[in-house]
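Please open the model in your viewer with the cartoon and the side chains available, and keep the selection panel at hand. The tour moves from one selection to the next and says what is found at each stop.

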Amino acid sequence: MLSEEDLNISPYSLIKTEKNAFLNKHLTALTKHHYENCPEYKKILDSLSFDVNNIADYTQIPFLPVRLFKQYELRSVEKENVVKTLTSSGTTGQQVSKIFLDKSTSATQSKVLTKIVSSFLGKQRVPMLILDTSSVIKDRAMFSARGAGILGFSIFGTDRLYALDEEMNLNVDAIKAFLEKHKGETIFLFGFTFMIWQHFYKELKASGYKPDLSNGVLIHGGGWKKLVSEAVSPQDFKKALNYVCGINHVYDYYGMVEQTGTIYVECDCGHLHTSIFSDVICRRPKDFSVCDYGEEGIIEVVSVLPESYPGHVLLTEDTGVVLG
């Protein structure tokens, strides 16, 4: 659905009216596409008496609860055209979402992710320290959210090192050698928030080893819910990491396996930003009307990327606030 011309637009360049027109055009086209190609999606829209040929604004497009992807296999392409199946992160015994990607959707997701991250990391690839274990990406056809995230962000790294071994222990000797090899260079670090806290920060603190990562840029996401029990705030997280390794540039991002590629990255002021390829709408729990700026509601995420499955307009199970 997205042309090369669309993909060449800088991810944060359009003013509000231009972005609205861009989203309206592509989300309307995707709604029609999924209506015609996904029988389950058609049933849902028909049950709501929604007319796909009469969409005034993308905020009117019915959202799918994100949980549906845990209960149904929703595809808008033939099964033989699926090249990759992504699964959400879930604790043992939990149902996981299954997201089916064809070649085109997978390629578009990678391109958009590259554009978003390059806009603040730069276009030059740099040495990369992955704060996870390599075993998480072993099965290329069936990826977890962690595996998909690692593989997606790995395109920004040259010499890549996994900081944890197969038993999830910190490989201190390998990290020392890696940092010595790339002394004075910018180091790109990537990992999932809870994994970083549990297996990187805590182990560094216990070991007494203080690597110099003052030249590092860390991008992390996911797993905040698991840190609630430890009462770790985003500010505490940054301070703790700075204490054990001297890192100053730490950026959180919000994203989900159901809309891979369209991530919302934190700025230096601690706010998450939408690119032109996606948007966030907060809805009131009582009637699902759109919240005002500054009013907390249930987060709806829209993305112009999902072509092989009807994941373009989703209601999450998170709450948030749109600041402006």
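Which residue in β14 is the bridge partner of isoleucine 298? Select isoleucine 298 together with β14, and you will find that the partner is threonine 319. Before going further, bear in mind that this is a predicted model, and that every stop below describes that prediction.

**The sheet around β13**

Extend the selection to the strands themselves: β13, residues 297–303, is joined by five bridges to β14, residues 313–320, and the two run antiparallel. Now add β12, residues 278–283, which pairs with β13 in the antiparallel sense over six bridges. Within that pairing, isoleucine 281 has glutamate 300 of β13 as its bridge partner. If you colour by accessibility, β13 should appear mostly covered, since seven of its seven residues are buried.

With β1 added, the selection becomes an open sheet of four strands, in the order β1-β14-β13-β12 and with mixed pairing. The edges are β1 (64–65) and β12, each of which pairs on one side only. Select next helix α2, residues 16–37, which packs on this sheet and touches β12 and β13, its direction making about 90° with that of β12.

**The seven-strand sheet**

Hide that group and turn to another open sheet, in which seven strands follow the order β6-β4-β7-β8-β9-β10-β11, again with mixed pairing. Its edge strands are β6 (157–164) and β11 (272–273), each pairing on one side only. Helix α7, residues 172–181, packs on the sheet, where it touches β4, β6 and β7 (187–192), and its direction makes about 155° with that of β6.

Centre the view on β4, residues 126–133, which pairs with β6 in the parallel sense over five bridges. β4 also pairs with β7, likewise in the parallel sense, over three bridges. Is β4 mostly covered or mostly open? It is mostly covered, with eight of its eight residues buried. Two residues of β4 let you follow these pairings at the level of single positions: leucine 129 stands opposite leucine 161 in β6, while methionine 128 has phenylalanine 188 in β7 as its bridge partner.

**Leucine 129 and the nonpolar core**

Stay on leucine 129 and show its surroundings. Leaving aside residues up to four places away in sequence, leucine 129 touches Leu161, Ala163, Ile175, Phe178, Ile187, Phe188, Leu189 and Phe190. Leu129 is also one of the residues that touch the most other members of the largest nonpolar core, a set of 96 residues; the others so placed are Phe153, Phe188, Phe190 and Phe200. The largest share of this core, seven residues, comes from α8. In soluble globular proteins, nonpolar side chains tend to be buried together.

**Two stops on helices**

Select α8 as a whole, residues 193–207, and then alanine 206 within this helix. Although α8 supplies the largest share of the core, alanine 206 itself counts as exposed because its relative accessibility is 69%, where the cut-off for exposed is over 50%. To place alanine 206 in the wider model, draw a distance to glutamine 71: the C-alpha atoms lie 42 Å apart, and the two residues are separated by 135 residues in sequence.

Go next to helix α5, residues 103–121, and select serine 104. Serine 104 is partly exposed, with a relative accessible area of 38%. Valine 290 makes a suitable second end for a distance, as it is 186 residues from serine 104 in sequence and 32 Å from it in space, C-alpha to C-alpha.

**The whole model**

Finally, release the selection and look at the protein in full, with its ten helices and 14 strands. The C-alpha trace spans about 65 × 45 × 40 Å along its principal axes. The radius of gyration is 20 Å, which agrees with the value near 20 Å that a compact globule of 324 residues would have. Buried residues make up 50% of the 324 residues. Of the contacts between residues at least 6 apart in sequence, 70% join residues at least 24 apart. A surface representation will show an accessible area of about 15700 Å², of which 51% belongs to carbon and sulfur atoms.

Note on methods
Residues numbered from 1 in each chain as written. Predicted model: local features only at pLDDT ≥ 70, side-chain atom pairs only at ≥ 80, totals over all residues. Heavy atoms only, no water. Buried < 20%, exposed > 50% of the residue type's maximum accessible area, 1.4 Å probe, protein only. Core = buried A, V, L, I, M, F, W, Y, C linked by side-chain atoms within 4.5 Å. Contact = heavy atoms within 4.5 Å. Pairing = 2+ DSSP bridges. Rg over C-alpha atoms; globule rule 2.2 N^0.38 Å. Areas by Shrake-Rupley, 256 points an atom, 1.4 Å probe, with all protein chains shown as cover. Axes fitted to C-alpha atoms, helices over the stretch in contact; angles between N-to-C directions.
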